[in-house]
Every structure is written in structure tokens, then in C-alpha cells.
Amino acid sequence: MTILTGKAEARRLQLDMSGVLRKIWEHRADYAYVLPAIVVMLIVIAYPIYYTIELSFFNTPPGLQLRDKIFVGFDNYTAILTSPVFWQVTLNTLIWTLGSTFISFVLGFAAALALHRDFAGRGVLRAILIIPWVISAVAASYIWKWIYHSDFGIIGAVLVGLGLADRPPNFIDSVSTVLPSLIVVNIWREFPFAMIMMMAGLQTVPDQLMRAAKVDGANAWQRFWHVTFPHLRNVSTVTILLLAVANFNSFIIPWIMTGGGPSNASHIWITHIYELAFGRQRWGVASAYSVLLFLILMSLGYFYVRALSGNEQKDGSE
């Protein structure tokens with residue numbers, strides 16, 4: 001009985017495969033149009049991913065050429081997971097990602113709610129609030145680096161001038177303040193994106209429901225919680241996931257402003273990987289870090305795709 005079942009299963013798979021091949025052959029002209037794009041994706045995406053995974057199983061000392069790399073199996077992963085620097089960098093990454101994502105979303109949501117009302121100068125205020133998002137991240141990093149400067153920074157000068165501090169604080173030169181200072185810069189750059197996303201979501205809230213809730217005696221908070229927020233749940237999920245992925249993979253602000261210092265206090269995963277690869281030339285360990293980062297980002301991407309699929313199904317049912 002088991003043999004017959006196995007043969008039937010094999011026969012079914014064979015028929016399914018032949019059906020797939022037949023469909024591919026029937027639509028061969030369609031596949032020819034996308035073949036150049038597929039080849040480019042294999043070259044610039046698939047091969048680098050494969051090579052990074054392969055390189056993560058090798059030891060690559062700085063004085064050794066890559067073609068002479070030494071196979072070490074999972075030793076690079078073991079070294080990473082047992083390193084105290086890894087856990088410090090991971091904690092920094094979690095604080096950076098969660099802090100930047102949550103506060104950026106809350107500020108963006110609040111700004112979207114405020115700008116959703118009609119008032120004089122709304123267009124000008126909206127344009128001003130978008131400026132941090134459209135400014136180059138490199139330019140913004142250098143500007144904020146001077147703003148935070150312990151000797152010439154404007155914040156320190158104002159604090160000293162008002163008598164609130166005896167000397168300018170070391171915002172990015174102190175282990176205890178460097179990460180919160182960088183998070184402030186990142187929030188300043190990112191909250192306009194959340195604001196734009198939530199403003200777009202607010203346009204989908206039916207006015208009829210808002211008017212009906214108001215007629216029924218619902219106050220402002222009840223209208224927001226029972227009418228506005230349920231319509232923004234999906235766009236909120238997508239916005240938070242996009243912010244989380246961007247922050248987890250963020251590089252420019254922490255690298256330009258501090259380079260991961262002082263004492264690794266502002267190193268996050270992506271900057272630590274860059275330093276290992278291009279600073280210390282430890283390609284194997286950096287590749288292992290990259291594989292772990294890739295798996296985490298793929299997990300976030302999975303939830304992002306699910307959120308988008310949920311939106312499409314909801315739109316289709318409506």
C-alpha cells in the first residue's frame with residue numbers, strides 16, 4: 001500500500017512538473033521580455049547573496065588574499081555570538097531601531113492629525129515640516145555634527161548663554177549621550193515620512209462616518225478611537241514596518257557623525273559590519289554578520305508583505 005501511494009505521489013508530481021514546463025513553453029515569448037531583468041537581478045542580487053553566505057564560512061585574515069581563504073565552518077558565527085561586542089552592538093541597534101521608529105511614528109501621526117484640519121498657512125507649514133526628509137542624509141549629518149559640537153555647537157552656546165550649563169555638553173563625545181543624540185537626529189529626519197503616510201491614510205476615512213459619530217454625541221477622542229484609528233490600522237502597520245526596516249539598516253547618520261564611537265557606544269549592526277569589512281578587512285566575520293542581518297530583514301519583509309496582502313484583500317472585499 002505504501003509503495004502504491006509513493007508511486008501515485010511521484011506520478012502526480014511528474015504531471016504537475018510537466019504542466020509547469022508546458023505553460024512556460026507556451027508563454028516563452030512573455031518570459032523573453034523579462035529575461036534581461038532576471039539576468040541583471042541574478043548578477044547584482046542573487047550572486048552577491050550567495051557569495052556572502054559562502055564567505056561567512058571562511059576565515060579571511062587581513063594579510064591573506066580572498067582566493068586563499070581558510071574554511072572554518074560555523075566558527076565565525078560562534079565567534080560573533082560569544083563576543084561581548086556583538087551583544088553591545090545588538091543592544092545599540094535595538095535601542096536605535098525601536099526608539100527612532102516609535103517616536104518618529106508618534107510625531108508623524110500627531111503632525112498628520114494637526115495638518116488634516118483646515119487653517120491658514122497649512123500648506124506652508126506642511127512644506128516646512130517635509131524639509132528634513134528631503135534634505136540629503138549626508139548633509140544633515142554634517143550639519144547636526146556641528147550643531148552638537150562641544151566647542152562650536154549652537155546648542156552648547158545657547159545653554160551656556162542662558163546659564164543652564166557651565167560648559168557646552170559633549171553630546172556625541174560621551175558614551176552616555178551619544179546614542180540618544182543620534183536618535184534625535186534620526187527622528188528629525190524620519191518623522192516627515194510618517195506624517196506623509198498618515199496624512200494619506202486620513203484621506204481614506206469616510207466623512208459620513210465622522211459626521212454620524214458626531215451626531216450620535218461622540219466626543220473627539222471617541223471619534224478618533226472608534227472611527228479614525230480603525231481605518232488607519234493597516235497604513236500604520238505598513239509605516240511602522242518601513243520605518244523599522246530603514247532604521248535597522250540605517251548607516252549614514254551614525255557613521256558620519258560618530259563612526260561608531262566613542263568605545264562602540266554608537267555602533268549599530270550595519271556600521272559594525274562596515275568597520276569589520278573595510279576597516280579591519282575581516283571579510284568572513286563581516287559576511288557572517290551580514291547573513292544574520294539579512295535573515296532579520298527578511299523576517300521584517302515577510303510581515304511587510306503580509307500587511308500589504310491584508311490591505312489588498314480588505315480593499316477587494318470592500
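Which residues does N186 touch, not counting residues up to four places away in sequence? The first legend gives the reply; every view is taken from a predicted model.

**View 1. Surroundings of N186 in helix α8.** Not counting residues up to four places away in sequence, N186 touches W96, S100, S104, N247 and I253. The residue has a relative accessible area of 3%; N186 is therefore classed as buried, the limit being under 20%. S141 lies 45 residues from N186 along the chain, and the C-alpha atoms of N186 and S141 are separated by 9.3 Å.

**View 2. The buried acidic residue E190.** E190 is found in helix α8, which covers residues 178-202. Although buried, E190 has no salt bridge. The nearest side chain of opposite charge belongs to R189 and is 6.5 Å away; a salt bridge is therefore excluded, since the pair would have to come within 4 Å. A polar contact of 3.1 Å is made instead between the side chains of E190 and N247. Leaving aside neighbours within four places in sequence, the contacts of E190 are S100, S104, L243, A246 and N247. Among these, S100, S104 and N247 also appear in the list of residues touched by N186.

**View 3. The aromatic pair F58 and F71.** The structure holds 22 aromatic pairs. One of them is formed by F58 and F71, with 5.4 Å centre to centre and 75° between the planes. The arrangement is classed as edge-to-face because the angle is over 60 degrees. This pair links distant parts of the chain: F58 belongs to strand β1 (residues 58-59) and F71 to strand β2 (residues 70-71), the two residues being 13 residues apart. F58 is buried, with a relative accessible area of 16%, whereas F71 is exposed, with a relative accessible area of 59%. The two partners thus fall on opposite sides of the burial classes, F58 being under 20% and F71 over 50%.

**View 4. The aromatic pair F86 and W87 and its cluster.** F86 and W87 form an edge-to-face aromatic pair, 4.8 Å centre to centre with 75° between the planes. F86 counts as buried at 4% relative accessibility. Both residues belong to one aromatic cluster, formed by F86, W87, F248, W269 and Y289.

**View 5. The cis peptide bond between G261 and P262.** The peptide bond that joins G261 and P262 is cis, with omega of about -10°. P262 is placed in the loop between α11 (252-257) and α12 (269-279). Most peptide bonds are trans.

**View 6. Positive phi at S263 and N264.** Most residues other than glycine have a negative phi. S263, which is not a glycine, has a positive phi of about 55°, and N264, also not a glycine, has a positive phi of about 60°. S263 is placed in the loop between α11 and α12, and N264 is found in the loop between α11 and α12 as well. The accessibility classes of these residues are as follows: S263 counts as exposed at 60% relative accessibility, while N264 is partly exposed, with a relative accessible area of 22%. The value for N264 is not under 20%, so N264 is not classed as buried.

Technical notes: Residues numbered from 1 in each chain as written. Predicted model: local features only at pLDDT ≥ 70, side-chain atom pairs only at ≥ 80, totals over all residues. Heavy atoms only, no water. Helix = DSSP H or I, 4+ residues; strand = E, 2+ residues; numbered from the N terminus. Buried < 20%, exposed > 50% of the residue type's maximum accessible area, 1.4 Å probe, protein only. Lys, Arg positive; Asp, Glu negative; His and termini not counted. Polar contact = N/O pair within 3.5 Å; in protein donor to acceptor, adjacent residues only side chain to side chain. Contact = heavy atoms within 4.5 Å. Phe/Tyr/Trp six-rings, centres within 6.5 Å; stacked < 30°, edge-to-face > 60°.
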